[in-house]
Amino acid sequence: MTDAYDAIVVGAGHNGLVCATLLAKGGMSVLVLEANEQVGGAAVTREFADGYSVSACAHLLYQLQPAVQTELGFEPELACDSMATVSLAADGRHVRLTANAATGVSEDDGREYRAFRKRMNRFSDLLRTYLNKPPPRLGTKDRGDVMTLAQLGFDIRRLGKTEMREFLRLIGMNIHDELVERFESGPLKGALSLDAVLGTHLGPRSPNTIMTYLYRLAGNHGRLALPKGGMGAVSDELAHLARTAGVTIRTNAPVQRIVVRNGRVVGVETSDGERHESLTVISNADPKRTVMELLGARHVETGFARRVQHLRGSGNAAKLHLALDGLPTFEGLEKKDFAERLVIAPDEHYVERAFNPAKYGECSREPVVEMAFPSFRDPTLAPAGKHVLSAVVQYAPYGLKGGWDAAASDAFKRSVIGTIAKYAPDIEQRITASELLTPADIEGQFHIGGGHWHHAELTLDQFLFVRPLSGAAQYRMPIDGLYLCGAGTHPGGGVSGAAGRNAARSILSRRGGA
Amino acid sequence: MKTYDAIVVGAGHNGLTTAAFLARAGLDVVCVEKNDYIGGAAVSRNLYEDWIYSNCSYVCSLLRPEIYRALELHKHGLQVTPYGGSVTFMENGDYFGSYHDAEVAYREMARFSRHDADAYKSYSADTMRQCRFIREFLLSTAPDPTSFKPSDIRELVKIGRKFLEMGEDRMYETIRFWTMSVAEYLDEYYETDVIKAAFSGSGIIGTALGIHSPGTAYVLLHHYMGEVDGNVGSWGFARGGMGAVSNSIAGAFRAAGGELRTEAGVDRIVVQGGKVTGVALENGDEISAGVVVSAMDVKRTFINCMDEKDLPAAFYRRVQNFKIRGSSGKLNIALDGLPTFPALPEGSSLIHSDMHFIDSMERMERAYDDWKAGTWSQDPYVDMLIPTLNDPTMAPPGKHFMSCFVQYCPHQLEGRRWTDEERDAFGRTVIDQIANYSPDFKDLILHVEVRTPQDIEEQIGITEGNIFHGELTMDQLLFNRPVPGYAQYRAPVGGLYLCGSSTHPGGGVMAAPGANAAREILADLKRPNTVPENFGDD
């Protein structure tokens with residue numbers, strides 16, 4: 001059978017859902033096809049052990065764009081809002097970080113931290129404006145593009161001479177040098193390094209990690225929240241909003257290929273042979289998969305196909321889930337601290353050392369860990385009195401030498417648990433079940449090529465008007481009717497909805513123009 | 001006491017260049033040098049019997065031809081003989097040679113991969129396009145994007161226009177090129193590890209970055225900008241060693257009536273009422289002048305030779321935080337004869353070229369990890385040359401001089417001074433690596449000078465002995481170099497200027513900073529400009 005829609009969205013990740021909803025609100029009939037049984041893509045809640053549920057991939061909410069929330073009327077229910085970050089120190093003298101205060105550090109560090117965050121917030125505000133609109137295209141006479149570029153130049157100048165100079169100096173710089181210039185405290189420098197590199201294939205010494213840090217703050221200054229019911233609840237709510245707006249969502253409907261006729265996209269075909277017709281197909285999948293697998297390289301110029309092949313997007317973050325029969329004891333932590341984000345990044349060198357092996361396709365011997373105990377404030381996730389630990393772990397390179405088999409994955413899981421045990425000695429006795437998702441697993445289960453959070457590495461050469469690549473940075477692919485709306489496009493990954501919203505806006509404006 | 005129009009501090013190639021252009025404009029100029037020899041890091045030293053060592057910089061290619069012609073350096077004895085190519089010895093006993101002749105280069109690459117051989121054409125075309133784009137701006141002052149001065153706006157517009165002229169695709173290429181790592185850049189063209197390793201070296205020489213660090217593609221370019229007899233990217237030997245470059249510029253300076261004083265180290269730059277009035281020498285003498293130009297690096301100038309209270313606080317902090325990282329060492333070796341390299345075919349021209357001993361990208365990056373850990377690379381990237389094969393004047397007949405540039409070597413070991421034992425151990429690491437590919441090498445060694453960044457700092461006076469007077473990272477290039485807002489050679493103190501490699505466009509024996517500084521100074525003094533404009537190219 002075949003049916004026809006104004007637009008078909010491939011993949012019900014959060015960006016796909018946001019995009020679909022806005023298109024429907026714009027008066028289009030929209031079909032969303034999702035390969036998995038659940039909507040949400042990498043933003044889902046899964047039961048990984050009997051009675052224990054966890055946000056399977058993304059686990060913290062910190063980048064959701066205010067613009068997206070207002071336009072969708074979207075208010076996720078939070079179990080924990082504005083969580084602090086506790087940077088664990090081996091000696092139990094932990095450092096506590098909030099948006100504008102650092103405790104457990106020297107007076108100088110405290111002052112410097114406030115100044116640092118003030119400046120970074122200011123720069124991230126500037127960045128946010130541009131994350132929430134399609135990037136301008138260079139070298140065109142298009143008025144919109146020229147205006148946006150002019151505006152960008154103007155906004156940067158408006159920072160004032162000194163701040164503008166700082167901005168232009170910092171934007172390409174590595175976070176390591178800036179931290180070493182400002183701070184003494186190891187755990188402080190470690191936690192900030194972690195925020196700059198989480199989800200990327202970069203170490204704190206890699207240039208432009210200040211930019212990745214700013215990107216993280218660009219949501220709402222990096223304010224951390226835990227959604228009630230896990231990330232899946234966020235996706236379910238988005239799906240609900242989509243359906244209310246008239247969107248049709250089909251799960252268990254993996255798209256096999258994007259159908260091209262006479263040099264333009266005319267619809268999609270699912271793996272069970274179903275055809276759905278539409279002159280507008282929007283892919284929430286990563287750019288490489290979209291072009292190489294769904295579309296087929298033969299439909300684009302060889303030069304373009306080559307650039308797609310060269311997109312860098314090999315994930316480095318693994319996800320650890322532990323079912324615990326009770327809370328572990330962390331040296332120097334109180335019970336209430338389990339509501340916060342705990343990080344293992346005792347100093348900036350530790351993070352850089354963890355990165356080194358990843359360059360050679362090896363796992364970190366002493367990994368960097370970001371932990372949360374979602375069940376602490378959200379009892380729906382675990383049986384009474386029991387708890388769930390959800391952790392993002394770096395570095396676990398997608399391209400592991402010898403590949404990711406059960407043994408490799410198990411070995412890494414053990415070394416992560418061992419690392420946590422250095423701070424919570426009784427953790428191992430508490431574990432009743434565990435699950436480790438390597439980038440390979442993430443690729444397999446969530447259909448993200450390379451298992452990379454951002455679908456494509458977040459570096460300056462793949463950012464703004466070159467994201468994911470020139471010739472496709474405005475969500476529109478170089479074949480009629482095909483668009484992208486996923487994390488691989490501007491501005492990038494994280495549960496922000498910005499990419500989906502920008503894509504919808506550029507499609508609607510083009511439609512309005514036509 | 002005599003008052004000069006200008007004092008130039010430091011007789012390195014940049015200081016001498018500024019001095020020469022100022023003298024040619026009719027200024028009464030004195031150039032003071034702390035050592036008893038001139039040249040700074042561009043010197044020929046006689047440290048062992050009749051051998052002449054280019055004991056710091058060892059090849060010239062970056063030297064701007066406009067300057068060479070304007071100062072008529074040929075008349076002052078500078079002869080640059082071009083050479084090209086390089087060889088990378090492989091652990092499996094094979095080698096990879098890169099040649100200047102396109103034909104030969106192709107055949108050699110095809111030996112490893114036809115794909116790579118075919119890719120070379122587009123690789124060099126693309127890379128040279130980037131070279132041409134930025135070469136235009138080497139001999140001009142970097143505009144300040146925060147300023148509304150017509151001159152700055154004009155320069156910004158000029159850059160903007162050049163950029164737009166490229167057309168959309170080229171623009172994107174350029175943006176990516178400026179921001180990516182040399183490893184990623186090479187991955188886009190090549191599949192063979194040894195070929196990538198051979199080309200990646202130029203992306204990290206003299207920097208505290210690894211081949212995987214974003215921004216290193218630009219550094220690659222910095223080394224490709226060379227121009228000998230108009231051959232883009234080709235390198236050259238200065239006959240008689242690198243000292244010949246400095247001596248010839250000094251010749252041009254003297255010919256224009258300039259005065260050179262050696263063994264005249266500057267103790268401090270004297271400031272009165274927010275203006276410089278001269279310099280006080282270590283021997284107690286004072287020299288007065290309304291203009292003082294420092295060829296020293298930015299840290300040494302403002303932190304060692306000036307009083308903090310004479311400088312704006314924000315500026316001083318930026319100077320303290322300016323990144324100058326010791327990352328390279330040097331071995332200078334006197335040889336009793338020519339070592340043999342069994343891997344090379346009989347009579348191969350490659351013995352005249354740069355020789356390298358690291359054959360994989362992983363080994364390249366691991367060398368950097370050692371540096372990050374605060375020690376020298378156990379398996380270093382060595383750029384080895386035997387200049388005497390091209391210039392016999394540097395050693396007695398039949399004997400040879402070998403120059404080894406070593407990456408990576410830290411300024412200090414885990415934050416403390418080098419001991420003599422450690423320096424020797426570092427030297428042995430390098431010698432052993434070479435000996436792996438040349439069985440008779442060790443027996444031919446007559447004398448070795450091992451120089452760590454610490455030695456280079458103490459002998460030449462460059463902070464941390466960094467050959468570029470500061471990292472070539474985006475936050476320290478163009479209008480950010482050395483300090484945002486002070487990238488136009490003027491210091492925040494009246495009459496004080498910078499002309500060293502800490503300023504735009506950076507290090508290498510290029511002499512562009514010296515020339516650009518002279519142009520700015522002459523403009524301030526309302527004197528006729530003696531500095532050549534860019535000839536542009538092709």
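Visitor: In which sense do strand S15 (residues 281-283) of chain A and S21(A) pair, and over how many bridges?

Guide: This is a predicted model. In it, S15 and S21 of chain A pair in the parallel sense, over 3 bridges. Strands count as paired when DSSP finds at least two bridges between them.

Visitor: Which residue of S21(A) stands opposite A:Val281?

Guide: A:Leu482.

Visitor: What is the strand order of the sheet?

Guide: Read it from one edge to the other. The order is S11-S3-S2-S15-S21 in chain A. That makes an open sheet of 5 strands, with parallel pairing.

Visitor: Why is one side of strand S11 (248-250) and of strand S21 (482-484) of chain A left without a neighbour in the sheet?

Guide: Each stands at an edge and has a single partner strand, so its other side has no neighbour there.

Visitor: By how much are neighbouring strands turned against each other?

Guide: By 20° on average, with direction ignored.

Visitor: Which strands does helix H10 (residues 287-295) of chain A touch?

Guide: H10 packs on the sheet and touches strand S2 (7-10), S15 and S21 of chain A. The direction of H10 makes about 150° with that of S21(A).

Visitor: Now the two chains. How many residues of chain B are in contact with chain A?

Guide: 30 residues of chain B, against 27 residues of chain A. Contact here means C-beta atoms, placed from the backbone, within 7 Å.

Visitor: Which elements give two or more residues to the chain B side?

Guide: Helix H6 (168-179) and helix H13 (361-372) of chain B. H6(B) gives the largest share, 7 residues.

Visitor: How do the residues of that side divide into nonpolar, polar and charged?

Guide: On the side of chain B that touches chain A, 9 are nonpolar, 10 polar and 11 charged.

Conventions
Residues numbered from 1 in each chain as written. Chains lettered and ligands numbered in written order. Predicted model: local features only at pLDDT ≥ 70, side-chain atom pairs only at ≥ 80, totals over all residues. Helix = DSSP H or I, 4+ residues; strand = E, 2+ residues; numbered from the N terminus. Axes fitted to C-alpha atoms, helices over the stretch in contact; angles between N-to-C directions. Contact = placed C-beta atoms within 7 Å. Nonpolar A, V, L, I, M, F, W, Y, C, P; charged D, E, K, R; others polar.
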